Amino acid sequence: MANQLLRVSGLSAGTEDKPILHNVSLTVGAGETHVLMGPNGAGKSTLGHVIMGDPAYVVNNGTIEFDGADVTNESADKRSLAGIFLSYQAPVEVPGVPLYSYLRTITQKRPELKMTARKFRARVGEIADQLDMGSSFLTRELNVGFSGGEKKKIEMLQLLLLRPKLAILDETDSGLDVDALSVVSRGIEAYRTSCDGALLVITHNTRILERLSVDRTHVIVHGRLVAEGPGSLIDDIDAHGFEQFERAAEAGEGA
Ligand SMILES: Nc1ncnc2c1ncn2[C@@H]1O[C@H](COP(=O)(O)OP(=O)(O)OP(=O)(O)O)[C@@H](O)[C@H]1O
Ligand SMILES: [Mg+2]
């Protein structure tokens, strides 16, 4: 198990008063593509947020290591600088901050992404074109009044600009029309090939995975990882649902 980028070990976490994840362990190697599936309310988004260091959640047990360092108690900001990226299931609106300024600020925090204002403008323009986004988006306030699909594209724009080592995409595909879905899939593919970044894709929709070669699939039910397998496990879930895993989760709860 050498050279793991992300290693989650025996993680139990939840909110102050509600345990959500129980003894979750998983590893993601550099440049690998992993998929996290599970029924509604299973704890998928929570796992993404806990890996990112969202202060809304507390870790009661276990560790999160990233790129060789224990980040369990690090702030989300530090984790982001270390190369973890989380695209939110419901991106937040930030009134008063134009998208372009926001992107410039987050890029300037990263020494490896330092570039002149002119180069930055060109780079952002290039990615916006790639994502079929008009330039008027860039002067608008961050996520304010954007449609669901537009918000997802903005997250793709950040992903391609920041080039993180690990991107956790939480239902980046939900609510997208076929054209937007294909644009976002191309964005993910571009991230995979141009940055050789690792992916943890949380999804209910296998269409987003069509362009990706999946290395590993993880199934979470009732806050427990109950199955792990190759990419073909996704087809099995598509055909048979999660029922087959519910028993394993119930057995885990009894243990
Ligand atoms: N901040 C929070 N406060 C209270 N409960 C929470 C919080 N975050 C998550 N939960 C609860 O934890 C459980 C798991 O939620 P989570 O959002 O992780 O599920 P999910 O697997 O992402 O589901 P979905 O497929 O519907 O997005 C749910 O019962 C949810 O209500
Ligand atoms: Mg979710």
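These questions and answers walk through a predicted model, from the shell around its ligand to its sheets and core.

Q: Which element supplies the largest share of the shell around ligand 1?
A: Of the 13 residues around ligand 1 in this predicted model, Asn40, Ala42, Lys44, Ser45 and Thr46 come nearest. Both β2 (18–29) and α1 (44–52) supply at least two residues of that shell. The largest share, three residues, comes from α1.

Q: How many residues of the shell around ligand 1 are polar?
A: The shell is sorted by residue class, with three of its residues counted as nonpolar and two as charged. The remaining class, the polar one, holds eight.

Q: Why is α1 described as largely enclosed by the rest of the structure?
A: The buried residues of α1 are Lys44, Ser45, Thr46, Leu47, Gly48, His49, Val50, Ile51 and Met52. On one side of the picture, α1 lies across β1 (4–15), β2 and β4, running at about 70 degrees to β2. The helix is largely enclosed because the number of its residues that are buried is nine of the nine.

Q: Where is Gly53 found, and which residues does Gly53 touch beyond four places in sequence?
A: Just after α1, Gly53 takes a positive phi of about 90 degrees, and this residue is found in the loop between α1 and β4. The C-alpha atoms of Gly53 and Glu74 are separated by 7.0 Å, although the two residues are 21 residues apart along the chain. When residues up to four places away in sequence are left out, Gly53 touches Glu74, Ser75, Ala76 and Arg79.

Q: Is Gly53 buried or exposed?
A: A residue counts as buried if 20 or more other C-beta atoms lie within 10 Å of its own. For Gly53, 23 other C-beta atoms lie within 10 Å, so the residue is buried.

Q: Which strands stand at the edges of the sheet formed by four strands?
A: Four strands form an open sheet in the order β2-β1-β4-β5, and the pairing is antiparallel. Two of these strands have a single partner strand each, so one side of each is left without a neighbour in the sheet. The strands at the edges are β2 and β5 (69–70).

Q: How many bridges join β1 to β4?
A: Within the antiparallel sheet, a hairpin joins β1 to β2 through two residues, and these strands pair over eight bridges, with Leu6 having Val28 in β2 as its bridge partner. At the other end of the order, β4 (residues 58–66) and β5 pair over two bridges, and Phe66 stands opposite Ala69 in β5. Between β1 and β4, which run antiparallel, Ala13 stands opposite Val59 in β4, and the number of bridges is seven.

Q: Which strands are the edge strands of the sheet formed by six strands?
A: Six strands form an open sheet with mixed pairing, in the order β6-β9-β10-β3-β11-β12. An edge strand here pairs on one side only, which holds for β6 (84–87) and β12 (224–229).

Q: What angle does the direction of helix α7 make with that of β3?
A: Neighbouring strands of the six-stranded sheet are turned by 20 degrees against each other on average, direction ignored. Helix α7 (residues 233–240) packs on this sheet, where it touches β3 (33–37), β11 (216–221) and β12. The angle between the direction of α7 and that of β3 is about 20 degrees.

Q: Which residue in β9 does Phe85 stand opposite?
A: Both faces of β6 are covered, since Ile84 and Leu86 on one side and Phe85 and Ser87 on the other are all buried. Strand β6 pairs with β9 in the parallel sense over four bridges. In β9, the residue that Phe85 stands opposite is Ala167.

Q: Which helix supplies the largest share of the largest nonpolar core?
A: In soluble globular proteins, nonpolar side chains tend to be buried together. The largest nonpolar core here has 63 residues, and Ile51, Phe85, Leu157, Leu166, Ala167 and Ile168 touch the most other members. The largest share of this core is seven residues, and the helix that supplies them is α5 (residues 148–162).

Definitions and conventions:
Residues numbered from 1 in each chain as written. Chains lettered and ligands numbered in written order. Predicted model: local features only at pLDDT ≥ 70, side-chain atom pairs only at ≥ 80, totals over all residues. Near = placed C-beta within 6 Å. Nonpolar A, V, L, I, M, F, W, Y, C, P; charged D, E, K, R; others polar. Pairing = 2+ DSSP bridges. Contact = placed C-beta atoms within 7 Å. Axes fitted to C-alpha atoms, helices over the stretch in contact; angles between N-to-C directions. Core = buried A, V, L, I, M, F, W, Y, C linked by C-beta atoms within 7 Å. Buried ≥ 20, exposed ≤ 12 C-beta atoms within 10 Å, placed from the backbone.
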